[in-house]
Amino acid sequence: MKKNVMIIGAGGVSNVVAHKCAQHNDVLGNIVIASRTKSKCDKIINSIERKGSKKYQAYSITAYHLDAMDIPATEKLIKQTATAIVINVGTAFINMSVLQACINTGTAYMDTAIHEEPDKICENPPWYANYEWKRLGECRKKGITAILGVGFDPGVVNAYAAYADRYIFDTIDTIDIMDVNAGCHGEYFATNFDPEINFREFTGGVWTYIDRQWIKKQMFEVKQVYNFPGVGEMPIYLNGHDEIHSLSKNIDANSIRFWMGFGDHYINVFTVLKNIGLLSEQPVTTAEDLTVVPLKVVKACLPDPVSLAAQYTGKTCIADLVKGRINGDNEEVLLYNICDHKACYEEVESQAIAYTAGVPPAAAAMLIATGEWDCKEMKNVEELDPAPFLKILNQIGLPTRIIKDGEDQPLSL
């Protein structure tokens with residue numbers, strides 16, 4: 001078994017990962033939380049102590065300062081703490097640095113989002129080929145387990161697609177991944193995770209995969225209304241997202257699309273900010289000869305997503321609607337999860353968006369620790385057996401339900 005986990009990052013998702021790893025430290029061993037701001041790591045440890053999340057007191061939880069862009073420093077901390085598994089939930093800008101440190105030290109690696117460069121958005125598809133997949137051969141040669149995109153979306157939705165492909169359908173026509181938040185945080189305007197990363201998803205074009213071709217649309221160009229279990233009818237918009245860029249390679253389907261829910265207020269604020277240039281990732285110079293990046297200024301002015309958790313109410317629903325053929329008949333199946341903001345806060349002092357992103361990497365770390373997902377090479381989630389992953393998630397806070405043949409029931413694994 002591989003024991004001892006390092007969590008890189010100290011935001012809302014990291015808080016959830018740390019709580020869940022602490023709840024299962026009998027499997028995962030000692031826990032390290034490392035970030036540029038050590039005080040944020042200390043706050044997470046305080047939260048774990050306050051909620052009594054630690055299963056066995058014998059295993060430690062320790063905070064460290066770390067600039068994860070510094071590969072030698074990351075390697076040094078991995079060795080110093082005898083870390084076997086690194087869970088990278090820092091900003092998407094550090095992915096390749098952390099991955100390289102893991103390759104150099106022989107450490108298992110995972111992340112929850114695709115790598116990005118600060119001065120680039122919406123690069124040509126498939127996005128994984130621009131950065132992560134260039135390390136496929138090196139990981140295979142050195143026997144490094146690297147699991148990419150193991151949050152919820154990407155992550156669990158990839159596992160839903162893989163489950164439908166392996167265990168339900170004979171052939172798949174379309175996979176529609178749909179993510180809605182029917183919650184309320186009480187702020188005039190806020191993003192549910194890092195504002196900089198959030199806005200970068202929407203300021204470029206929308207790459208989608210239709211009829212086995214990459215098609216580029218504009219953000220908010222394509223809309224539909226879908227009746228979601230647990231939250232009702234919600235407007236959703238065609239969007240580009242990480243998981244399409246690996247699923248299009250690994251799942252034999254004609255079309256794979258990602259849809260996200262947005263309210264009119266969000267769209268109005270976003271549109272104004274974008275149209276006047278405040279969401280640009282490119283630096284500008286002020287009249288006082290100061291160089292600033294507008295997007296970073298907007299981020300600094302918005303509420304910290306962590307601060308939203310205490311007052312958040314309502315639920316999220318994230319689902320894969322899969323259509324294809326079963327025994328010669330046209331069928332459709334909905335695999336989905338519903339998560340409650342208030343329940344998440346009561347358990348781990350988090351809101352549901354961070355919870356849905358943070359629980360899956362802890363589950364994946366458990367599977368690496370026990371060997372089931374210790375694959376010794378780089379994989380996206382859909383390339384691994386989804387059954388043990390979804391089974392653990394059922395047990396630790398993110399249960400999957402399935403609607404098939406008109407029946408809505410828990411997914412039995």
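**Group meeting: a walk through the model**

Okay, let me start with an odd spot: just past the end of helix 12, Glu349 sits at a positive phi of about 60 degrees. Keep in mind that this is a predicted model. As background, most residues that aren't glycine have a negative phi, and most peptide bonds are trans. I'll come back to other exceptions of that kind, but let's stay with helix 12 for a moment.

Helix 12 covers residues 341–348, and His341, Cys344 and Val348 in it are buried. Those three span an arc of only 65 degrees around the axis, so they end up on the same side of helix 12. What do the buried residues of helix 12 pack against? The list is helix 1 (12–23), helix 3 (38–51), helix 13, and strands 7, 15 and 16. At the front end of helix 12, Asp340 has a side-chain oxygen within 3.0 Å of the backbone nitrogen of Lys342.

Now, those strands. Strand 15, residues 315–326, is mostly covered, with nine of its twelve residues buried. On one pairing, strand 15 runs antiparallel to strand 7 (residues 171–181), joined by ten bridges; there you'll find Ile177 opposite Asp320 of strand 15. Strand 15 also pairs with strand 16 (residues 329–340), again antiparallel, over twelve bridges. Leu321 stands across from Leu334 of strand 16 in that pairing. Strands 15 and 16 make a hairpin with two residues between them, and in the turn Asn327 has a positive phi of about 50 degrees.

Over to another antiparallel set. Strand 10 (residues 223–228) and strand 11 (residues 232–239) share six bridges, and Asn227 has Glu233 as its bridge partner in strand 11. The hairpin these two form has three residues between the strands, with Gly230 at a positive phi near 85 degrees. Strand 11 carries on to strand 12 (residues 253–261), antiparallel, through four bridges, and Leu238 stands opposite Trp259 of strand 12.

Next, the parallel part. If you rotate to the open sheet of seven strands, the order reads 3-2-1-4-5-6-17, and the pairing is parallel. Its edges are strand 3 (61–65) and strand 17 (378–380), each of which pairs on one side only. From one strand to the next, the twist averages 20 degrees. Inside that order, strand 1 (residues 5–8) and strand 4 (residues 85–88) are held by four bridges in the parallel sense, and Met6 has Val86 as its partner in strand 4. Helix 5, residues 95–105, lies across strands 1, 4, 5 (108–111), 6 (146–148) and 17, and runs at about 165 degrees to strand 5.

So what about the nonpolar interior? The largest nonpolar core has 109 residues, and the members touching the most others are Ile85, Phe199, Trp373 and Phe389. Which helix gives the most to this core? That's helix 13 (residues 352–370), with twelve residues. Apart from that core there is another one, of 29 residues, including Ala34, Ile103, Trp133 and Cys139. To zoom in on one residue: setting aside residues up to four places away in sequence, Phe199 touches Phe189, Thr191, Tyr266, Phe270, Leu273, Leu279, Leu295, Val298 and Leu302.

Last, back to the backbone exceptions, which you may want to look at yourselves. Where are the cis peptide bonds? One goes from Pro125 to Pro126, with omega near -5 degrees, and Pro126 is in the loop between strand 5 and helix 6 (136–142). Another goes from Asp153 to Pro154, with omega near 5 degrees; Pro154 is in the loop between strand 6 and helix 7 (156–168).

Then there are positive phi values in loops. Lys376 isn't a glycine, yet has a positive phi of about 65 degrees. Lys376 belongs to the loop between helix 13 and strand 17. Is Lys376 buried or exposed? Somewhere in between: Lys376 is partly exposed, at 41% relative accessible area. Asp405, also not a glycine, has a positive phi of about 55 degrees, and lies in the loop between strand 18 (401–404) and strand 19 (407–410). Asp405 counts as exposed because its relative accessibility is 56%, and the cut-off for exposed is over 50%.

That's my tour, thanks.

Technical notes:
Residues are numbered from 1 along each chain as its sequence is written. This is a predicted model: local features need pLDDT of at least 70, side-chain atom pairs count only at pLDDT 80 or more; totals for chains, interfaces and linings use all residues. Side-chain values use heavy atoms; hydrogens and water are left out. A nonpolar core is a set of buried Ala, Val, Leu, Ile, Met, Phe, Trp, Tyr and Cys residues joined through side-chain atoms within 4.5 Å. Buried means under 20% relative accessible area, exposed over 50%, partly exposed in between (1.4 Å probe, protein chains only). Contact means heavy atoms within 4.5 Å. Two strands pair if DSSP finds at least two bridges between them. Axes are lines fitted to C-alpha atoms, for helices over the stretch in contact, and angles run from 0 to 180 degrees between N-to-C directions. The arc is that of the directions from the helix axis to the C-beta atoms. A polar contact is a pair of N or O atoms within 3.5 Å; within protein, one must be able to donate a hydrogen and the other to accept it, and residues adjacent in sequence count only if both atoms are side-chain atoms.
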